[in-house]
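This report describes the helices of one protein chain, how they pack, and a few residues in and between them.

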Amino acid sequence: LFRSAQNSLPPASRFIVILEQVRLIMKAHSFVRENVPRVWSSTKEKTSVAPVPQVTNYLYFLFAPTLIYRDCYPRNPTIRWGYVATKFAQVLGCLFYAYYVFMRLCIPLFRNISQEPFNLRVMVLCIFNSILPGVLIFFLAFFAFLHCWLNAFAEMLRFADRMFYSAWCTSTSFANYYRKSEEHT
């Protein structure tokens, strides 16, 4: 965070750096939370070999689309490169569609706003005219990142557990969500 502010990165680049830092902090927390109890229990039992995870397991975990550390994950036997290309093409399509939404719906609206005097009516109309493009961009970002991007990387890493968001999208309560998310860990 300090480096991105010190190097005066643009806001979008700062946001990306901060998100990546948060992801790495969450993964480090999961790694420590899963491994410290195993090491402590082996020291209490005075075993000769402590169950310390391998570096390769940690590196795989850093790139795998999951936030819960395990020593091994279910793996697919092969990589389907056509599937990976399709997912990256969908990400590219989402980017082009988001560009189109901005160019056709957002930029003309805000360009005209800057030429008019400020009043409440203009601000309310601007907000209501921005709702649909904002929702479209939100859904595009959700689909592009949480579905296409994560599935492409999961396929390249042969990561077989593709239940990225099934636990929360079908839950009717927090207890139900927690129960479903624990089933997939």
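## Helix packing and local geometry

H2 and H3 cross with a right-handed sense. The model discussed here is predicted. Helix H2 covers residues 11–44, and helix H3 covers residues 55–63. The two pack at an angle of about 140°, and their axes lie 10 Å apart. H2 is therefore oblique to H3, since an angle has to be over 145 degrees to count as roughly antiparallel.

**Overall content.** The protein has seven helices and zero strands. Read from the N terminus, the order of elements is α-α-α-α-α-α-α. The chain has 185 residues, of which 21% count as buried.

**The H4–H5 pair.** A second packed pair is formed by helix H4, residues 81–113, and helix H5, residues 120–156. Their angle is about 165° and their axes are 9 Å apart. This angle makes H4 roughly antiparallel to H5, because values over 145 degrees fall in that class. The crossing of H4 and H5 is left-handed. In the contact of H4 with H5, the residues divide into 28 nonpolar, five polar and two charged.

**Helix lengths and bends.** The table gives the span from first to last C-alpha for three helices, with the span expected at 1.5 Å a residue.

| Helix | Residues in helix | Span | Expected span |
|---|---|---|---|
| H2 | 34 residues | 49 Å | 50 Å |
| H4 | 33 residues | 47 Å | 48 Å |
| H5 | 37 residues | 51 Å | 54 Å |

The span of H2 is close to the expected value. The span of H4 is likewise close to its expected value, and so is that of H5.

Each of these helices has a bend with a proline following. H2 bends by about 25° at Asn-35, and Pro-37 follows within four residues. In H4 a kink of about 35° lies at Cys-106, shortly before Pro-108. H5 has a kink of about 35° at Ile-131, shortly before the proline Pro-133.

**Buried residues.** Which residues of H2 are buried? They are Lys-27, Ser-30, Asn-35 and Ser-42. Asn-35 thus appears both in this list and as the site of the bend in H2.

In H4 the buried residues are Val-84, Lys-87, Val-91, Cys-94, Ala-98, Val-101, Cys-106 and Leu-109. Cys-106, where the kink of H4 lies, is one of them.

The buried residues of H5 include Val-122, Cys-126, Leu-140, Ala-144, His-147 and Cys-148. Also among them are Leu-150, Asn-151, Ala-152, Ala-154 and Glu-155. Pro-133, the proline that follows the kink of H5, is buried as well.

**Residue pairs between H4 and H5.** Cys-148, one of the buried residues of H5, can be paired with two residues of H4. Thr-86 is located in helix H4. Thr-86 and Cys-148 are 62 residues apart in sequence, with their C-alpha atoms 8.6 Å apart in space. Tyr-83 is also found in helix H4. The sequence separation of Tyr-83 and Cys-148 is 65 residues, and their C-alpha distance is 10.0 Å.

Are these H4 residues buried or exposed? Thr-86 has a relative accessible area of 41% and is therefore partly exposed. Tyr-83 has a relative accessibility of 24%, so Tyr-83 also counts as partly exposed; buried would require under 20%.

**Loop residues.** Val-49 lies in the loop between H2 and H3. With a relative accessibility of 65%, Val-49 counts as exposed, because the cut-off for that class is over 50%. Val-49 and Val-39 are ten residues apart in sequence and 9.5 Å apart in space, taken from C-alpha to C-alpha.

Arg-158 is in the loop between H5 and helix H6, which covers 166–169. What phi does Arg-158 have? The phi of Arg-158 is positive, at about 60°, although this residue is not a glycine. Most residues other than glycine have a negative phi. Arg-158 has a relative accessible area of 29% and is therefore partly exposed.

Conventions
Residues are numbered from 1 along each chain as its sequence is written. This is a predicted model: local features need pLDDT of at least 70, side-chain atom pairs count only at pLDDT 80 or more; totals for chains, interfaces and linings use all residues. Side-chain values use heavy atoms; hydrogens and water are left out. Axes are lines fitted to C-alpha atoms, for helices over the stretch in contact, and angles run from 0 to 180 degrees between N-to-C directions. Angles under 35 degrees count as roughly parallel, over 145 as roughly antiparallel, 65 to 115 as roughly perpendicular and the rest as oblique. A crossing is left-handed if the near helix is turned anticlockwise from the far one by less than a right angle, and right-handed if clockwise. Ala, Val, Leu, Ile, Met, Phe, Trp, Tyr, Cys and Pro count as nonpolar, Asp, Glu, Lys and Arg as charged, and the others, Gly among them, as polar. The expected span of a helix is 1.5 Å times one less than its number of residues. The bend at a residue is the angle between axes fitted to the seven residues ending there and the seven starting there. Buried means under 20% relative accessible area, exposed over 50%, partly exposed in between (1.4 Å probe, protein chains only).
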